[in-house]
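Please open the structure in a viewer and keep the sequence beside it. The tour below proceeds by selection, from the whole chain to single residues.

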Amino acid sequence: MILILIVLLSSLFRSQVDSANKHGMLLEMVQVLTDLDLVISKSYISSDGGWLMDVFHVTDQQGNKLTDESLIHYIQEGICANRQASREFKPIIGREVRPRHVSTEHMALEMTGVDRPGLLSEMSAVLAELGCHVTAAVAWTHSSRAACILYVEDSAKGGLIDPCRVAQVQAQLENVVEAHHYKDERRSVRLAAPVPGQTHTERRLHQLLAADGDYELCCSCCGGIGEWDDFNVLGRCHKGRKKGCDGTHVKIENCKETGYSIVTIRSRDRPKLLFDTVCTLTDLQYVVYHAAISSRGSTAFQFFHQEYYVRHKEGGILSSEGEKHRVTQCLIAATERRVSHGLRLDICTRDRTGLLSDVTRVFRESSLSITRAEIGTRGKKAIGTFYVKDTSGQNVTPQTVEIIRREIGGSITVVENKSSGTSPEGSPSRTSTSSSSTVEARSSFSLGNLLWAQLERLSSNFRPIKSG
């Protein structure tokens, strides 16, 4: 049985969880919080011997404490219950719990391939011509690769597309995706019916891009941050260069005394970063036994510091340099995929068949490429967030935005991108990696001291809870 204790302190909501540990449980808990658009400012995770205790410091997007009892009760139920696919859609205090770009009632179209301007426009145009209505969609781009998941239904009668038409739809979309690919280049198009307990949409996007090999292009920069200024980068030493780098830094070292691999990540803070990291470690079949996570720095420039004590799901540490290299690259990719590049446009208009095709066509005709997108519906309204860039490298002008507004209809809001995870325009996101040799022993290391000293440091005024 899982015991949940929720305490309201100062401006923070603190959720404490005591339960039996199992692979993937940490990801499930983080997913519950991030699906509610809550901000996890710091967390302490501890498990061993078959038990698990996590502490999350959580606020809303504006930094306010959580006072809605219905919302708090939902979090308790979401973490405690054996969640089924239907749980994501449970209404609470008159709002939808699931992200707007998630659906389990409709067929899911998954695509990965080379990123190029107009790709989403061409795909959505084909769907519209074939009588398929896009009810929700999410698209990411990273390292010149693109992945998207589109949820579609029959535009004439609603519901699932006739099985006799599925092969035709998939074949037409494969033609679109293949049009600009080189021979033997990786690409995939898959149209599948909904199934109970299907993978979370954003976790599935991570899986698609990882399978597509987007992490292989992640490279290291020179230099570090503070105490990380001098270190070995995957066997190549870059001492004293480019100090103050704001890229993603990963260190992996082994502690033979305790039998853990210690994975430390430091990057610019942004929404859902903890989910992306834990998702990647889980899909790589590593179990997080202990962790300390916190957001540090000024309001304008915050870093997210993560330290994980992990083992393989089957036991054992990261033993080879090749394995450390791959894990490092995968973690870098996970932190970068959701970074927002370009101008953010929030769109709200009447939902209709072919809407996504119309919107993306206007973007294409305005010489704009989509770097990230999330689209969904609320009642009869379609709501979407698009990050767009001018294909010529110029800034998107107000005149272009006005043209888009007239063509699409409804409301379009230009949102100033304040995400701390956003790289400056014109400056590529730089990353650095470090993989140190095995640490024979840490003289001051004690598992008990680690648990309670870190807990005291990160969660002042917290007293341990006992399972009964």
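Among contacts in the chain between residues at least 6 apart in sequence, those joining residues at least 24 apart account for 72%. The model under view is predicted. With the whole chain selected, one can find 10 helices and 19 strands. Of the 468 residues in the chain, 53% are buried.

**The sheet**

Select next the strands β8, β5, β7, β6, β16, β17, β15 and β18, which in this order form an open sheet of 8 strands with antiparallel pairing. Strands of a sheet pair through backbone hydrogen bonds, either parallel or antiparallel. Where does this sheet have its edge strands? They are β8, at residues 188-192, and β18, at residues 411-415, and each of them pairs on one side only. From one strand to the next, the twist averages 20°.

Now restrict the selection to β5 (residues 107-114) and β8: the two strands run antiparallel and are joined by 5 bridges. Within this pair, Met 111 has Val 189 of β8 as its bridge partner. Add helix α5, residues 201-211, which packs on the sheet. Helix α5 touches β5, β6 (132-142), β7 (145-154), β8 and β16 (368-378), and its direction makes about 135° with that of β7.

**A pair of helices**

Select helix α8 (residues 355-365) together with helix α9 (residues 398-408). Their axes come within 10 Å and cross at roughly 150°. An angle over 145 degrees counts as roughly antiparallel, and α8 and α9 are therefore roughly antiparallel to each other. The crossing in which α8 passes α9 is right-handed. To see the residues that meet, display Val 359, Arg 361, Val 362 and Phe 363 in α8, and Ile 404, Glu 407 and Ile 408 in α9. By class, this contact has 5 nonpolar and 2 charged residues, with no polar ones.

**Two loop residues**

Most residues other than glycine have a negative phi. Which sign does phi have at Asp 37? Asp 37 is not a glycine, yet its phi is positive, at about 60°. To locate Asp 37, select the loop between α1 (25-35) and β3 (39-48). Asp 37 counts as partly exposed because its relative accessibility is 41%.

Finally, move to the loop between β6 and β7, where Ser 143 lies. Ser 143 also has a positive phi, near 50°, in a residue other than glycine. With a relative accessible area of 21%, Ser 143 is partly exposed.

Conventions: Residues numbered from 1 in each chain as written. Predicted model: local features only at pLDDT ≥ 70, side-chain atom pairs only at ≥ 80, totals over all residues. Heavy atoms only, no water. Axes fitted to C-alpha atoms, helices over the stretch in contact; angles between N-to-C directions. Helix = DSSP H or I, 4+ residues; strand = E, 2+ residues; numbered from the N terminus. Parallel < 35°, antiparallel > 145°, perpendicular 65-115°, else oblique. Left-handed = near helix turned anticlockwise from the far one by under 90°. Contact = heavy atoms within 4.5 Å. Nonpolar A, V, L, I, M, F, W, Y, C, P; charged D, E, K, R; others polar. Pairing = 2+ DSSP bridges. Buried < 20%, exposed > 50% of the residue type's maximum accessible area, 1.4 Å probe, protein only.
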